Amino acid sequence: MSSLQSARACLSVACRYVKVQGKACRPPPSFVQMRPRMMSKTQSTQLDMQVSDINKNPEHTENGFHCNNVASRPSVCQEAVRVIRGEAMALQALADRIDSSFEEAVELIEAMPRGGRVLVCGVGKSGHVARKIAATLSSSGTPALFLHAAEALHGDLGMVSPGDVGLLLSNSGTTEETLAAGRAMRKLGARLVAMSASRDSPLARESDVALSLGRIPELDHNGLAPTASTAAMMALGDALAVVLSRRLSFSRRRFHMLHPGGAL
């Protein structure tokens with residue numbers, strides 16, 4: 001399996017329920033909508049009894065989501081399902097965008113000299129995602145460190161060595177701290193991989209390889225809070241880590257050696 005196929009497989013696992021026979025999933029129907037058109041009087045009575053029991057039971061779980069008194073608060077659960085399915089659709093769209101640039105990023109990381117590390121860099125919500133990606137890379141066989149973009153400009157660039165690869169995260173691709181950190185890392189001999197919404201972003205243009213997330217609508221009521229975009233960043237980082245780990249033939253024994261305190 002090529003690194004391209006592996007990446008698509010990784011991203012598609014989380015999206016397996018997003019599309020059914022080519023049609024996008026819709027929010028779950030209400031209990032009334034679930035009633036079959038052709039139903040005997042006995043079946044109808046049984047269904048009514050089940051719905052009544054659900055309404056009285058504050059511990060009901062609908063489609064895996066714990067909701068108190070679902071019938072009296074349908075909008076709460078429907079909104080939760082909308083957000084989760086929205087993120088799943090963002091991941092499916094991302095899986096469809098995987099192309100040769102992903103292979104180039106993998107090859108760039110694999111070409112690091114002995115002792116080289118992936119320095120995953122970001123600020124704000126992208127910084128939180130970058131920290132997690134660095135941890136996943138390190139625990140699965142690819143040495144990596146988190147580099148806070150702002151702190152990099154105040155001395156943390158000392159962790160950069162020639163031959164390292166900087167993985168720079170910014171959805172807009174215009175974050176000043178991340179751009180400045182990338183430029184400084186290049187001067188210190190690092191190669192750069194950008195992860196942003198567009199290959200035309202300043203961050204992408206200044207990097208050796210650009211991984212495009214695509215334009216992803218956020219899922220809060222204002223359309224502003226990083227939600228679907230950060231889920232996509234996290235998934236793309238996981239895909240990188242898993243593909244690299246497989247190509248390293250990173251063993252279960254080695255994985256356990258790096259997790260002596262985990263219940264794995």
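This briefing describes the fold, the helices, the cores and several single residues of one protein chain.

The model is predicted, so local features need pLDDT of at least 70, side-chain atom pairs count only at pLDDT 80 or more, and totals for chains, interfaces and linings use all residues. Residues are numbered from 1 along each chain as its sequence is written, and side-chain values use heavy atoms, with hydrogens and water left out. The protein chain has 10 helices and nine strands; these are DSSP runs numbered from the N terminus, with helices being H or I runs of at least four residues and strands E runs of at least two.

**Whole chain**

- Buried residues account for 40% of the 264 residues in the protein chain. Buried means under 20% relative accessible area, exposed means over 50%, and partly exposed lies in between, using a 1.4 Å probe and protein chains only.
- The accessible surface of the protein chain is about 14800 Å², and 54% of that surface belongs to carbon and sulfur atoms. Accessible areas come from the Shrake-Rupley method with a 1.4 Å probe, and for residues only the protein chains shown count as cover.
- Of the contacts in the protein chain between residues at least 6 apart in sequence, 68% join residues at least 24 apart. Contact means heavy atoms within 4.5 Å.

**Nonpolar cores**

- The largest nonpolar core has 39 residues, of which F102, V120, L167, L169 and L211 touch the most other members. Helix α9 (residues 228-247) gives the most to this core, with 10 residues.
- A second, separate core has 16 residues, including L119, L179, A190 and A194.
- A nonpolar core is a set of buried Ala, Val, Leu, Ile, Met, Phe, Trp, Tyr and Cys residues joined through side-chain atoms within 4.5 Å.
- In soluble globular proteins, nonpolar side chains tend to be buried together.

**Helix α4**

- Helix α4 covers residues 100-110, and its buried residues are S101, F102, A105, V106, L108 and I109.
- Seen down the axis of α4, these buried residues fall within an arc of 160°, so they line one face of the helix. The arc is that of the directions from the helix axis to the C-beta atoms.
- An α-helix has 3.6 residues a turn, so residues three or four places apart point the same way.

**Helices α5 and α7**

- Helix α5 (residues 125-139) has 15 residues, which at 1.5 Å a residue should span 21 Å; its end C-alpha atoms are 22 Å apart, in agreement. The expected span of a helix is 1.5 Å times one less than its number of residues.
- In α5, S126, G127, V129, A130, I133, A134, T136 and L137 are buried, and these buried residues pack against β5, β6, β7 and α9.
- Helix α7 (residues 176-187) has 12 residues and an expected span of 16 Å; its end C-alpha atoms lie 17 Å apart, which agrees.
- In α7, T178, L179, A181, G182, A184 and M185 are buried. Their cover includes β5 (118-122), β6 (144-148), α6 (149-152), β7 (165-169), β8 (191-196) and α8.
- A glycine with positive phi comes just after each of these helices: G141 after α5, at about 110°, and G189 after α7, at about 100°.

**Buried single residues**

- S207 sits in the loop between α8 (202-205) and β9 (209-212) and is buried, with a relative accessible area of 13%. A polar atom of the S207 side chain lies 2.8 Å from the backbone oxygen of L203. Apart from residues up to four places away in sequence, S207 touches L168, R186, L192, V193 and A194.
- A144 is in strand β6 and is buried at 11% relative accessible area. A144 and L119 are 25 residues apart in sequence, yet 5.7 Å apart in space, C-alpha to C-alpha.
- S245 belongs to helix α9 and is buried, with a relative accessible area of 12%. Leaving aside neighbours within four places in sequence, S245 is in contact with S140 and F250.

**Exposed single residues**

- S249 lies in the loop between α9 and α10 (252-257) and counts as exposed, at 61% relative accessibility. S249 is not a glycine, although its phi is positive, at about 55°.
- L264 is in the segment after α10 and counts as exposed, at 58% relative accessibility. Not counting residues up to four places away in sequence, L264 touches F255, H256 and H259.

Definitions and conventions
Polar contact = N/O pair within 3.5 Å; in protein donor to acceptor, adjacent residues only side chain to side chain.
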